[in-house]
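The following exercises ask you to read a structure step by step, from the outline of one chain to individual residues. Try each task before turning to its solution.

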Amino acid sequence: MVPSSYYLALAAILFSIGLFGVVSKRNILIVFMCIELMLNAANLTFLAFARQSGNMAGHAIAFFVIAVAAAEAAVGLAIVIAIYRTRGTLHMDEVRVLRD
Amino acid sequence: MDYLPFIQENLRSTAWFRPELALTFGAVLLFLLDLVWRDAATRVSRLSAATLVVLGVAAALLAVQPADAQMLFNGMIANDALSIFFKWLFLAAAALTVIISAQAKDIRPERSGEFQAILLTVVLGLFLMASSANLLMIYLSLELVSIGSYILTGFKKGDRKAVEASLKYVIYGGVASGVMLFGMSYLYGLTGTADLPEMARRIGTLSQTMAQAQAMGGQAAIRLTLILAVIFVLAGIGYKVAAVPWHMWCPDVYEGAPTPFTGFLSVGPKAAGFAVALRFFYGAFAAQPGTPLFDAQGLGAAVAGIPWPAVIGVVAAITMTLGNFTALGQTNLKRLLAYSSIAHAGYTLMGLSALSKTGMQSVMIYMSIYLIMNLGAFLAVIVVAQTTGSESIYEYRGLGKRAPLAATAFAVFLFSLTGIPPFAGFIGKYYLFLAVLERASGPAGNWWMALAICGALNSAVSLYYYARVLKAMFLESPYRDEPMGAAIGHRMLLGAFSAAVLVFGVAPGLLVQWTERSLQLFRG
């Protein structure tokens, strides 16, 4: 059996990649993918801890998170389409009407 | 495994869940009515009336609900006086938003039904946020509020500003909830449970073992993980209340969203965020009554060796300072009010940081008063924008001559937001400062005193930019002289809001008593 600390390390790496991508990537779709990566890193942590302690709550939480992530992606992609229709591009730097 | 007890518990719990059920079915009903009445000439008024009926039914069910505090749905939801207090705030904010939006031009008539239905689901999410007692429930309710808010922010689909605001909201929101969820996963791993009351007990034990281990020089890793996990969870809460450094979405979203919804966004989710924060910090990270730690140092004792009050206090000081100083240079009224709402989140965090009974009460008082004065301020912005089509401060020149009622009411709200007596905002600030100064005589009193002074200085700074609006309204001459009309409902609401601000400012007794009765936090 693979020790759960391996999963925790993998999840932490995935989370860091996701957070870094959100900050540094300029394409809106890639930013959304990075957010999904962060959510899945959290899922993996929940599952690793749940398996380690034999507690079922973590497994259940992961399913809810998957469902919520799908709902969020649906709304997010709808907004992406609206952005594309009003601007004709998905580059973050073009989206800057609102600023101080 | 025997599932029957779980099902029975769920069925039993519905008796305390009727307001939420009314909101759920009401939202579905509104989607249907939207189709049924699609060609009716009086569509908007009919749909708004239907929404008010749904909210009224929810309010009636909430009023007749048996009052005993308890856990519902196998410990997912806590039904206690604290959550019921916040539920009344959300119902009030939603009803006022429906009345305001019915006469505002921001929402096109053909999409009015969708707006009201999604607003109801957001209210449902706020209800669940105020009462969730489990990490999963906190996450789910927060997302229910967020996803509805993303849609309503970008409600004007073809509008560049609205779509951009919505995109920024969904990205910041997605990151904040992802970070929060990651923090929750570590809290779950450290304590082995997702239930807040049970987690509180285990963290208590954990901090005792950690204190023993620390004497021997070990366990630094667990402590560091716990700190990181809580700070990550704080990101989700801080994003909802718009606290620095999770405030960046706030000005853009407030400017881009339809103004009636901006008003709702500035009071509803903010109050819900504070409800979650109260339950999270008071429930799990403040010392439990009846434990040796509580007897020695009171509710605000540091659990797990980390001075949580100091952490929240620093966030509070930075939040109000940044909010106020950035607001100084704003010329768009919606952005100005957005930065002012960040500053107000900072003041309220001051009450939260005290982690005392007075602190909890002051947060509740401030949120109810803030609801009235901030909705009022946004209503004044709506009234001006209806005629001029702009939210720029230059349109407010000579408003005292063009629309005396709106200008006077706006002045009342701005004075109240500054915290000048005899307006209600003063009462709210008074209790916040009281909570902080109470701690100033205790251990590390100088820091509390510094926080209070920081809050007082910030109130002075805020007077400067509020006064800029006042000066434009009353001292400068208008571009155009013709009087500015306003919808009759908006005029009545402006009058009612100003009256409420004055009444709560002169006679806050009822509100104070009500919050005192609602201080009970059910710990399972």
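**Exercise 1.** Determine how many helices and strands chain A has, and decide whether the chain is spread out or compact.

*Solution.* The model is a predicted one, and in it the secondary structure of chain A consists of three helices and zero strands, so that the order from the N terminus reads α-α-α. The radius of gyration of chain A is 17 Å, whereas the globule rule gives 13 Å for 100 residues; the value is well over that figure, and chain A is therefore more spread out than a compact globule. The C-alpha trace spans about 50 × 25 × 25 Å along its principal axes.

**Exercise 2.** Describe the burial, contacts, surface and charge of chain A.

*Solution.* Begin with burial: of the 100 residues in chain A, 41% are buried. Turn next to the contacts in chain A with a separation of 6 or more, of which 55% are made by residues 24 or more positions apart. The surface that chain A exposes comes to about 5,400 Å², and 68% of it is supplied by carbon and sulfur atoms. Finally, chain A carries 7 positive and 5 negative side chains, with the centres of the two sets 4 Å apart.

**Exercise 3.** Find which residues have the most contacts inside the largest nonpolar core, and which residues Leu167(B) touches.

*Solution.* The largest nonpolar core holds 212 residues, and Phe86(B), Leu167(B) and Phe410(B) are those with the most contacts inside it. Helix α15 of chain B (residues 357-388) contributes the largest share of this core, namely 20 residues. Following Leu167(B) further, and not counting residues up to four places away in sequence, one finds that Leu167(B) touches Ile28(A), Phe32(A), Ile79(A), Ile83(A), Met92(A) and Val95(A).

**Exercise 4.** Classify Ile227(B) and His490(B) as buried, partly exposed or exposed, and place each in its helix.

*Solution.* Ile227(B) belongs to helix α9 of chain B, residues 220-241. Its relative accessible area is 24%, and because buried requires under 20% and exposed over 50%, Ile227(B) is partly exposed. The C-alpha atom of Ile227(B) is separated by 9.6 Å from that of Gly183(B), which is 44 residues apart from it along the chain.

His490(B) is located in helix α20 of chain B, residues 488-506. With a relative accessible area of 1%, His490(B) is buried. Once neighbours within four places in sequence are left aside, His490(B) is in contact with Ile100(B), Gln103(B), Ala104(B), Leu379(B), Ile382(B), Val383(B) and Gln386(B).

Methods:
Residues are numbered from 1 along each chain as its sequence is written. Chains are lettered from A and ligands numbered from 1 in the order in which they are written. This is a predicted model: local features need pLDDT of at least 70, side-chain atom pairs count only at pLDDT 80 or more; totals for chains, interfaces and linings use all residues. Side-chain values use heavy atoms; hydrogens and water are left out. Helices (H or I, at least four residues) and strands (E, at least two) are DSSP runs, numbered from the N terminus. The radius of gyration is taken over C-alpha atoms; the globule rule is 2.2 Å times the number of residues to the power 0.38. Buried means under 20% relative accessible area, exposed over 50%, partly exposed in between (1.4 Å probe, protein chains only). Contact means heavy atoms within 4.5 Å. Accessible areas come from the Shrake-Rupley method with a 1.4 Å probe; for residues, only the protein chains shown count as cover. Lys and Arg count as positive and Asp and Glu as negative; His and the chain ends are not counted. The place of a charge is taken as NZ of Lys, CZ of Arg, CG of Asp or CD of Glu. A nonpolar core is a set of buried Ala, Val, Leu, Ile, Met, Phe, Trp, Tyr and Cys residues joined through side-chain atoms within 4.5 Å.
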